[in-house]
Amino acid sequence: MVIEYSGNVIRSVLTDKREKYYDGKGMGCYMFRIDDYEVVDATVHGNAARFINHSCEPNCYSRVITVDSQKHIVIFASRRIYCGEELTYDYKFPIEDASNKLPCNCSAKKCRKFLN
Ligand SMILES: [Zn+2]
């Protein structure tokens, strides 16, 4: 285990409203989808995990674990990580059509060129 992606667990339907609010305040928005119904909003109550970047060839992976009936997102190492190496995981964004593609800049040899 490397770190928990901590924040407030919010209902999926609130994400658009919060994103607009954060945009209006000029704040970066950090959210991690747990499933179809819940999202962890790390924008205000998050920790350093929210700054971990995506990679198509990551050294970590995320898992949703349940502790005392509460869901948590935890980042685990998928191999030995060396001192000074950047932590990354695959964001696994759902595939979108060409007009909504987000380019990937992870620079991995097997980069998929898009995050979604
Ligand atoms: Zn990539």
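## Hairpin E3-E4

Phenylalanine 32 is positioned opposite valine 40 of strand E4. This pairing is taken from a predicted model. Strand E3, which covers residues 31-33, is joined to E4 by 3 bridges, and the two strands run antiparallel. Together E3 and E4 make up a hairpin, with 4 residues lying between them.

## The sheet E2-E4-E3

Three strands are arranged as an open sheet in the order E2-E4-E3, and their pairing is antiparallel. The edge positions are taken by E2 and E3, each of which pairs on one side only. On average, and with direction ignored, neighbouring strands of this sheet are turned by 30° against each other. As a general principle, strands of a sheet pair through backbone hydrogen bonds, in either a parallel or an antiparallel manner.

Strand E2 (residues 8-11) is connected to E4 (residues 38-41) by 4 bridges, in the antiparallel sense. Within this pairing, isoleucine 10 has valine 39 of E4 as its bridge partner, while arginine 11 is matched with glutamate 38 of E4.

## Aspartate 41

Aspartate 41 belongs to strand E4. Is aspartate 41 buried or exposed? Its relative accessible area is 1%, and aspartate 41 is therefore classed as buried, the limit for this class being under 20%.

Once residues up to four places away in sequence are set aside, aspartate 41 touches Gly7, Asn8, Ile10, Arg18, Tyr22, Tyr30 and Met31. One of these residues, isoleucine 10, is separated from aspartate 41 by 31 residues in sequence, and the C-alpha to C-alpha distance between the two is 6.8 Å.

## The sheet E1-E7-E6

A further open sheet of 3 strands has the order E1-E7-E6, with antiparallel pairing. Strand E1 (3-5) and E6 stand at its edges; each has a single partner strand, so one side of each lacks a neighbour in the sheet. Neighbouring strands here are turned by 35° against each other on average, direction ignored.

E1 and strand E7 (residues 70-77) are paired over 3 bridges in the antiparallel sense, and glutamate 4 stands opposite valine 74 of E7. The antiparallel pairing of E6 with E7 extends over 8 bridges. In that pairing, isoleucine 65 has histidine 72 of E7 as its bridge partner.

## Turn residues and positive phi

E6 and E7 also form a hairpin, with 2 residues between them. Aspartate 68 is located in the loop between these strands, E6 and E7. Its phi is near 50°, a positive value in a residue other than glycine. In general, most residues other than glycine have a negative phi. Aspartate 68 has a relative accessible area of 73% and is exposed.

Serine 107, in the segment after E8, likewise has a positive phi, of about 65°, although it is not a glycine. Because its relative accessible area is 69%, serine 107 counts as exposed, the class for values over 50%.

## Nonpolar cores

Which residues make up the largest nonpolar core? It has 11 members: Tyr5, Phe32, Ile34, Val40, Ala42, Ala49, Ile52, Cys60, Ile73, Ile75 and Tyr89. The pair introduced at the outset, phenylalanine 32 and valine 40, is thus found in this list. Alanine 49, another member, is in contact with Ile3, Glu4 and Tyr5 when neighbours within four places in sequence are left aside.

A second core, separate from the first, consists of 6 residues, among them Cys106, Ala108, Cys111 and Leu115.

## The zinc site

Which atoms coordinate the zinc ion? The donors are the SG atoms of Cys56, Cys104, Cys106 and Cys111, at 2.3 Å. The angles among the 4 donor atoms are 106 to 113°, and the site is tetrahedral. The ideal angle for four tetrahedral donors is 109.5 degrees.

Along the sequence, the donor residues follow the spacing C-x47-C-x1-C-x4-C. Two of them, cysteine 56 and cysteine 106, link distant parts of the chain, being 50 residues apart: cysteine 56 lies in the loop between strand E5 (53-54) and strand E6 (60-67), whereas cysteine 106 lies in the segment after strand E8 (88-89). Cysteine 56 counts as buried because its relative accessibility is 10%. Cysteine 106, with a relative accessible area of 17%, is also buried. Cysteine 106 and cysteine 111 are both zinc donors, and both are included in the second core.

Technical notes
Residues numbered from 1 in each chain as written. Predicted model: local features only at pLDDT ≥ 70, side-chain atom pairs only at ≥ 80, totals over all residues. Heavy atoms only, no water. Pairing = 2+ DSSP bridges. Core = buried A, V, L, I, M, F, W, Y, C linked by side-chain atoms within 4.5 Å. Buried < 20%, exposed > 50% of the residue type's maximum accessible area, 1.4 Å probe, protein only. Contact = heavy atoms within 4.5 Å. Donors = N, O, S within 2.8 Å, 3.2 Å for Na, K, Ca; no water. Tetrahedral: all angles 85-135°; square planar, octahedral: opposite > 155°, others 65-115°. Axes fitted to C-alpha atoms, helices over the stretch in contact; angles between N-to-C directions.
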